[in-house]
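Open the structure in your viewer and keep the selection tool handy. We will go from stop to stop, and at each one you will hear what to pick and what is there.

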Amino acid sequence: MTGASGAMGEAAVRALARDGRSVVMACRNLEKAEAVRSRILADLPGADISIGRLDLSSLDSVRAFADSLGQEQVSALFNNAGVISRGYSLTGDALENTFAVNYFGPFLLTRLLLPLMDPEASIVNMISLTCRYVSVTEKSLRPSADEFSQLGTYARSKLALLRFSRELARRNPGLHINLADPGIVNSNMIDLGHWFDPLADILFRPFCKSPERGVQPALSALASDGRNRYFVGRKIMDIPARFEDPNLDLRIWEETERILSM
Ligand SMILES: NC(=O)c1ccc[n+]([C@@H]2O[C@H](COP(=O)([O-])OP(=O)(O)OC[C@H]3O[C@@H](n4cnc5c(N)ncnc54)[C@H](OP(=O)(O)O)[C@@H]3O)[C@@H](O)[C@H]2O)c1
């Protein structure tokens, strides 16, 4: 599970460990991850939780993490990590940072872990309601500084992840690939770095969902034996028809492979 050191990440690791699952926390900040693990172990002594280093903004780090798993069997992958970059920046791989963390990293990680998964393994990708308000094509994957906007680029990166999920499911019909949308959740993610954040903290945060509640759709998706479903709140739906475009999914897949030299 990626993003296991974050707000919903901690809630998910705790819930999965309570269910007796072995969890690998794939995190970039090992100190933060160790603190999360210690808190959970204090409540659930004997829980099987390990930590691996994974920085999704670095393709080399993604490859090294996948290598570190060796031949370990993976029954489920939860692509939970995400970021809303405050400004335009490029990673060491010359990818825009939001797209690197929210899309390219999970794309590569998932592809590298497929050989470790049994044919009916579960993959859950965390998307966002912001996907509804944007569109994405193969030309959107590497935005320029002029094309960057904090929320727009975030939304497009999540929509690209959705489109990846659709094409992956077509190619791997046995896998249980589902999407989860947590709603608006009280976490660091909703601190956008604006002057009005302190005001929003007072007026807005109390009405956001707790991380424990926000992560419920993803936990339901991980436990589900359904496929191609969209988990949002307490609802489980088909992926909305407006996201149905197999040709576009394929073009984005092929362009991503080209960019990643796969
Ligand atoms: N909060 C919301 O309202 C909301 C709404 C819709 C969707 N989501 C999605 O839900 C997921 C979890 O978000 P959250 O609310 O729990 O936010 P969060 O507390 O900020 O957690 C984000 C997680 O992603 C990790 N991460 C960020 N950049 C990374 C990188 N380069 N490499 C590896 N991991 C990285 C963070 O690691 P560090 O601990 O090292 O920072 C953290 O563990 C995200 O995908 C987010 O987009 C959130």
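Start by selecting the ligand and the 28 residues around it; Ser5, Lys32, Asn80, Tyr154 and Ser187 come nearest. As you look, keep in mind that this is a predicted model. Colour that shell by residue class and you will get 14 nonpolar, ten polar and four charged residues. Now show the helices: H1 (7-18) and H5 (150-171) each give at least two residues to the shell around the ligand.

Next, add distance labels between the ligand and the protein. Which atoms of Ser187 should you pick for a label to a ligand oxygen? Choose the side chain: one of its N or O atoms is 2.6 Å from an oxygen atom of the ligand. Do likewise for Lys32, where a side-chain N or O atom lies 2.7 Å from a ligand oxygen. For Leu56, switch on the backbone, as a polar atom there is 2.8 Å from a nitrogen atom of the ligand. How much of the ligand does the protein bury? On its own the ligand exposes 890 Å², and 93% of that is buried by the protein.

Keep Leu56 selected, since it also belongs to our next stop, the lining of the largest cavity. Select the rest of that lining too: Thr2, Asn79, Asn80, Ala81, Asn102, Pro106, Met126, Lys158 and Leu161. You have met Asn80 already, among the residues that come nearest the ligand. The largest cavity holds about 30 Å³ of space. How many cavities of 30 Å³ or more does a search of the whole structure find? The search finds one. By class, the cavity lining has five nonpolar, four polar and one charged residues. Helices H4 and H5 each supply at least two of the lining residues.

Stay with H4 (97-113) and add strands E1 (23-27) and E3 (74-79) to the selection. Each of these three elements supplies at least two residues of the lining of the second largest pocket. To find the centre of this pocket, pick Ser22, Val23, Val24, Val74 and Ala76, which lie nearest to it among the 20 lining residues. Which element gives the largest share of the lining? That is E3, with five residues. The volume of the second largest pocket is about 390 Å³. Colour its lining by class and you will see 14 nonpolar, four polar and two charged residues.

For the last stop, leave the empty spaces and switch to a cartoon view. Select strands E6 (residues 229-232) and E7 (residues 235-238), which run antiparallel and are joined by four bridges. Phe231 stands opposite Ile236 in E7. Zoom in on the turn of this hairpin: two residues lie between the strands, and Gly233 in the turn has a positive phi of about 55°. Then add strand E5 (residues 176-181), which pairs with E6 in the parallel sense over three bridges. To finish, click on Asp181 and look across to Val232 in E6, which stands opposite.

Note on methods: Residues numbered from 1 in each chain as written. Predicted model: local features only at pLDDT ≥ 70, side-chain atom pairs only at ≥ 80, totals over all residues. Heavy atoms only, no water. 1 Å grid on protein atoms, 1.4 Å probe; cavity = no way out; pocket = protein on both sides within 12 Å on 5 of 7 lines; lining within 4 Å. Points joined across faces, edges and corners; volume = space filled by probe spheres on them. Nonpolar A, V, L, I, M, F, W, Y, C, P; charged D, E, K, R; others polar. Near = heavy atom within 4 Å. Polar contact = N/O pair within 3.5 Å; in protein donor to acceptor, adjacent residues only side chain to side chain. Areas by Shrake-Rupley, 256 points an atom, 1.4 Å probe, with all protein chains shown as cover. Pairing = 2+ DSSP bridges.
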